[in-house]
Amino acid sequence: MAYSFTTAELDTVIAELVELRGRSRRPMLVAGGSHASADPEGALALGFDVVFAGEGEGVWLDFLKELLETGKAEPGVRQGRSQDLDANLSAAPRAGLFPFPEISRGCRGACLFCQTPRLFGRPMRHRSPQVVAEGIRAAMAAGHRRFRFLSPDAFAYAGGDLKQRVAAIEELLGESRATGARQLMLGFFPSEGRPDTTEPELVDLVRRHCQNRALVIGAQAGSDSLLRRMRRGHTVEQARRAIRLCREAGLKALVDVIVAFPGELPEERRATLDFVKEGMRDSGVSFHVHHYVPLPGNGIWPAPPET
């Protein structure tokens, strides 16, 4: 029995494991996904026999081959290998599986609240426009019409300077539209943008080629001192600029902020709330206010949230 689960599902998984391990003939228990990847030894301690950490495409196939050939598998942690994203589509047409078109993995940031660098590494890797479009074409043939791109940072696609990123995103959207797809969503869940990579040229590409009339911006705090401790790599003023760029392009800004980050001071929380009020009053921004959740594998685990 294979589980792929997040930290938010941990209590449910533990309850099921208690029941499964009590059976006279229990199945082999296998774990993967973000929680198991971030805390593989902890997942073993829960009672899983085999735990997959990180990118599982290659090691999962190795495991299945071992199981089919020998009828058993060595227990323990199996560490995934960094994948060449162009080696596979982000869809699995033969299995009828068409998730969000994944265009990037990894993140150049090292934000202390986030698991992504632990799961996929800090250098970003990207799927080429042609391979992304091939996956979209297969999904179109299966009847799908709306495509939300998946990336930790939409406007960092392909890397490089602004000129290179503009050219790469224009090619990505052009190749995707050439498949006949018209409902493309970039800079929106699940490919939000960062304030420091949001630029007028990139916002204009979204306005001209994508269906979404809003951009999601990860501001995360209205206090520069708190942003520094989060290791965000941008300032409050850069977040205000990103909001302004959205408004000037006729797009709505949806802005993420986090409260109760470990070590957050009362005056820093007040600054974040003032930033929220300012954006709602002056720019018509909608805010997603998130309560900090401890996640294994982030830079401050297991520090609890502030009250």
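In this predicted model, the face of helix α4 turned away from its buried side carries three exposed residues: L61, K65 and L68. The buried residues of α4 are G58, V59 and F63. They cover an arc of only 135° around the axis, which puts them on the same side of α4. Elements covering these buried residues include β2 (30-32), β3 (50-53) and β4 (76-79).

The length of α4 agrees with expectation. Its 14 residues, 57-70, should span 20 Å at 1.5 Å a residue, and its end C-alpha atoms are 20 Å apart. G71 follows α4 and has a positive phi, near 80°.

**The nonpolar cores**

Which residues have the most contacts inside the largest nonpolar core? They are F149, L186, V255 and F275, in a core of 51 residues. Elements that each supply at least two residues of this core include α6 (129-141), β9 (214-220), α9 (224-230) and α11 (266-283). Helix α10 gives the most, with six residues. Apart from this core lies another, of twelve residues. Among its members are Y3, L10, V13 and A31.

V255 shows what such a core position touches. Leaving aside neighbours within four places in sequence, V255 is in contact with I217, A219, I243, F275, V285, S286, F287 and H288.

**Strand β10 and its partners**

Strand β10 (252-259) is one of the elements that supply the largest core. Seven of its eight residues are buried, so β10 is largely enclosed by the rest of the structure. On one pairing, β9 and β10 run in the parallel sense over six bridges. V216 has L254 of β10 as its bridge partner. β10 also pairs with β11 (residues 286-291), in the parallel sense and over six bridges. There, V257 is bridged to V289 of β11.

**Helices α7 and α8**

Helix α7 has 16 residues. From first to last C-alpha it reaches 22 Å, close to the 22 Å expected at 1.5 Å a residue. D161 caps its N-terminal end: a side-chain oxygen of D161 lies 3.3 Å from the backbone nitrogen of K163. The buried residues of α7 are R165, V166, A168, I169, L172, L173 and S176. They pack against α6, β8 (183-185) and α8.

R177 is also found in α7. Is R177 buried or exposed? At 26% relative accessibility, R177 counts as partly exposed. Not counting residues up to four places away in sequence, R177 touches R182, L184 and H209. The C-alpha atoms of R177 and C210 are separated by 9.5 Å, though the two residues are 33 apart along the chain.

H209 is among the buried residues of α8, together with L202, V203, L205 and V206. Seen down the axis of α8, these buried residues fall within an arc of 155°, so they line one face of the helix. Their cover includes α7, β8, β9 and α10.

**The loop between β8 and α8**

S191 sits in the loop between β8 and α8. S191 is buried, with a relative accessible area of 0%. Its side chain reaches the backbone oxygen of F149 at 3.3 Å. Beyond residues up to four places away in sequence, S191 touches F149, L150, S151, A154, M185 and L186. F149 and L186 are two of the residues with the most contacts in the largest core.

P190 lies in this loop too. The peptide bond joining F189 and P190 is cis.

**Backbone exceptions**

Most residues other than glycine have a negative phi, and most peptide bonds are trans. The table gives four places that depart from this pattern.

| Residue or bond | Feature | Angle |
|---|---|---|
| F189 to P190 | cis peptide bond | omega about 0° |
| W301 to P302 | cis peptide bond | omega near 5° |
| Q220 | positive phi, not a glycine | phi about 75° |
| A260 | positive phi, not a glycine | phi near 75° |

P302 has its place in the segment after β11. Q220 is found in strand β9. With a relative accessible area of 9%, Q220 is buried. A260 belongs to the loop between β10 and α11. A260 is buried as well, at a relative accessible area of 2%.

Note on methods. Residues are numbered from 1 along each chain as its sequence is written. This is a predicted model: local features need pLDDT of at least 70, side-chain atom pairs count only at pLDDT 80 or more; totals for chains, interfaces and linings use all residues. Side-chain values use heavy atoms; hydrogens and water are left out. Helices (H or I, at least four residues) and strands (E, at least two) are DSSP runs, numbered from the N terminus. The expected span of a helix is 1.5 Å times one less than its number of residues. Buried means under 20% relative accessible area, exposed over 50%, partly exposed in between (1.4 Å probe, protein chains only). The arc is that of the directions from the helix axis to the C-beta atoms. Contact means heavy atoms within 4.5 Å. A nonpolar core is a set of buried Ala, Val, Leu, Ile, Met, Phe, Trp, Tyr and Cys residues joined through side-chain atoms within 4.5 Å. A polar contact is a pair of N or O atoms within 3.5 Å; within protein, one must be able to donate a hydrogen and the other to accept it, and residues adjacent in sequence count only if both atoms are side-chain atoms. Two strands pair if DSSP finds at least two bridges between them.
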